[in-house]
Amino acid sequence: MPDANLLTYRRRTGRLMRVTLALWALFALCIPVLVVPLNAFSIPYVDLPLGFLMTTQGGLVALTLVLCAFARRQGRIDRDHFPTPG
Amino acid sequence: MTNSTEASDHLRRVCGTCALAFLLGTVLLAIGEARGVAREIIGGALVLLPFALYAAVGVVSSASDLSDFKLARRRIPAAFAGIAGAGAWAGAALLIGAPTSLFLAGYDGRPLLIGLAGGYVLLGVLIGPFLRNAAARTLPDFVGMRYGSFARLLAAIVVVFCSLMFSAALLEAGAATISRMLVVDADIAISVLAAFLLLCTLPGGMAGLTASQVAQYAVLLIGSLAVFFLFAAAPMTALPARRMTRSPAPSRPCCRDWGSHPHAAPAAFRFILGRRSRTWRSPYV
């Protein structure tokens, strides 16, 4: 039977994966599908419709940030449960 | 540890040298253009200089043994592995493919952008950590470990098919650029490009490929920042971009009529040009 440390590690890793995949679905699937309704909103200052900006630039930036946050968080989880490398 | 430090130092030198060489070459070409050097020579040098840099980096980073050739001895630091991945991501597919798809197809071209970025997220979350933990060399190796030899064969076929399609698209895009800038036939352009690719990959394997992608990242970063600042400064300065932004847009009957399209894109580049740039107006966006 797996020890408590491994079970906690799996639970935290699984939760992180589910959150990351949910964010991926939001930025890669939902927002591109809803681009026309989102265009009703306009970003102040740059004066661009929200849907267009999210599709061409914002989505890419968001996905990059999601990936960076995932790597950082997963690294912290790994260090918390398995302090020694290997 | 020592190996990793050596690899890190080598990649850092590669990155810095390529950035400086690209900057210096661009400045020299600008001086040459101001002094009346023919535009064909300037254009050819502008295309060949980065390719020569990548090839030189690939040759310099030649592998010493099989482990170095296949996996770069697993000593590439994480930061440079990320830089190499970013260089591959922001290559011809993003620089040429993304603006072109948006320009020609409007919102219908968005799957390319989202697919590239979202695919990296899926790769990082669903495949990368497990492939690393399994100490597999390739994706088919990993699939074979999990699901057997038949799945490994299927994975190899899928990977080869996808890689060939993607490589063909990249070669086509690169050859189009080279044939336009050097005014040569497309077949010759593809041959030149393939020769440069072989120089990047054959001497060094994975180590040389990573080093040349790091060099590509440095060149792309400097080039992109230069274009951004050039266009951002266009309304305020007399830089060449000002002439470019004032010139009337050429007629392109192949392009979609953005105004009548239900998903018509708005003024896409207004953010870059700024609100003061009232002289610039494109009929397409």
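A residue counts as buried when its relative accessible area is under 20%. I keep that cut-off at hand for these entries. I also note at the start that this is a predicted model.

**Entry 1: the aromatic rings of chain B**

I began with Phe196(B). Its relative accessibility is 18%, so Phe196(B) counts as buried. I then asked which ring Phe196(B) stacks with. The partner is Phe51(B): the two form a stacked aromatic pair, 5.6 Å centre to centre, with 20° between the planes. I looked up where the two partners sit. Phe51(B) is in helix α2 of chain B, and Phe196(B) is in helix α9, residues 186–201. They are 145 residues apart, and the pair links distant parts of the chain.

Next I checked Phe51(B) for another ring. Phe51(B) also forms an aromatic pair with Tyr54(B). This one is edge-to-face, with 6.2 Å centre to centre and 85° between the planes. Both residues belong to helix α2 of chain B, which covers residues 39–60. They are three residues apart there, so about one helical turn separates them. Is Tyr54(B) buried or exposed? Tyr54(B) has 13% relative accessibility, so I put it down as buried.

I drew the ring pairs together. They link Phe51(B), Tyr54(B) and Phe196(B) into a cluster. A search of the whole structure gives three aromatic pairs over all chains.

**Entry 2: the helices of chain B**

I stepped back to the whole chain. How many helices and strands does chain B have? I found twelve helices and zero strands. Read from the N terminus, each element in the run is an α. Chain B has 285 residues, and 33% of them count as buried.

**Entry 3: salt bridges**

Side chains of opposite charge can pair when their charged atoms come close. I went looking for such pairs. The count is four salt bridges over all chains. I wrote up three that lie in chain B.

Arg12(B) and Asp9(B) come first in my notes. Their side chains meet in a salt bridge at 3.3 Å, N to O. Both residues lie in helix α1 of chain B, three residues apart, or about one turn of the helix. Arg12(B) has a relative accessible area of 49%, so it is partly exposed. Asp9(B) is partly exposed too, at 32%.

I turned next to Arg39(B). Its side chain meets that of Glu33(B) in a salt bridge of 3.6 Å, N to O. Arg39(B) is exposed, because its relative accessible area is 66%. Glu33(B) is partly exposed, at 40%.

Then I took Asp141(B) and Arg152(B). Their salt bridge is 3.1 Å, N to O. This pair links distant parts of the chain, with the two positions eleven residues apart in numbering terms: Asp141(B) and Arg152(B) are eleven residues apart. Asp141(B) is in helix α7, residues 139–147, and Arg152(B) is in helix α8 of chain B. Which side of the cut-off does Asp141(B) fall on, buried or exposed? With 18% relative accessibility, Asp141(B) counts as buried. Arg152(B), at 42%, counts as partly exposed.

**Entry 4: Arg180(B)**

I stayed with helix α8 of chain B, residues 149–182, where Arg180(B) lies. Arg180(B) has 69% relative accessibility, so it counts as exposed. I also looked up a distance from this residue. The C-alpha atoms of Arg180(B) and Gly82(B) are separated by 32 Å. Along the chain, the two are 98 residues apart.

**Entry 5: a nonpolar patch on chain B**

I searched the surface for nonpolar side chains. Leu24(B), Val27(B), Leu28(B) and Ile31(B) make a nonpolar surface patch of about 380 Å². I picked out Val27(B). Val27(B) is in helix α1 of chain B, residues 2–34. Its relative accessibility is 45%, so Val27(B) counts as partly exposed.

**Entry 6: a positive patch on chain A**

My last search was on chain A. Which residues gather in a patch of positive charge on the surface? I listed Arg11(A), Arg15(A), Arg18(A), Arg72(A), Arg73(A), Arg76(A) and Arg79(A). The elements giving two or more residues to this patch are α1 (4–33) and α3 (50–81) of chain A. Helix α3(A) gives the most, with four residues.

I closed with Arg79(A), which has its place in helix α3 of chain A. At 56% relative accessibility, Arg79(A) counts as exposed, because that is over 50%.

Note on methods:
Residues numbered from 1 in each chain as written. Chains lettered and ligands numbered in written order. Predicted model: local features only at pLDDT ≥ 70, side-chain atom pairs only at ≥ 80, totals over all residues. Heavy atoms only, no water. Patch = residues over 30% accessible without salt bridge, like charges linked within 9 Å, V, L, I, M, F, W, Y side chains within 5 Å. Areas by Shrake-Rupley, 256 points an atom, 1.4 Å probe, with all protein chains shown as cover. Lys, Arg positive; Asp, Glu negative; His and termini not counted. Charge placed at Lys NZ, Arg CZ, Asp CG, Glu CD. Buried < 20%, exposed > 50% of the residue type's maximum accessible area, 1.4 Å probe, protein only. Phe/Tyr/Trp six-rings, centres within 6.5 Å; stacked < 30°, edge-to-face > 60°.
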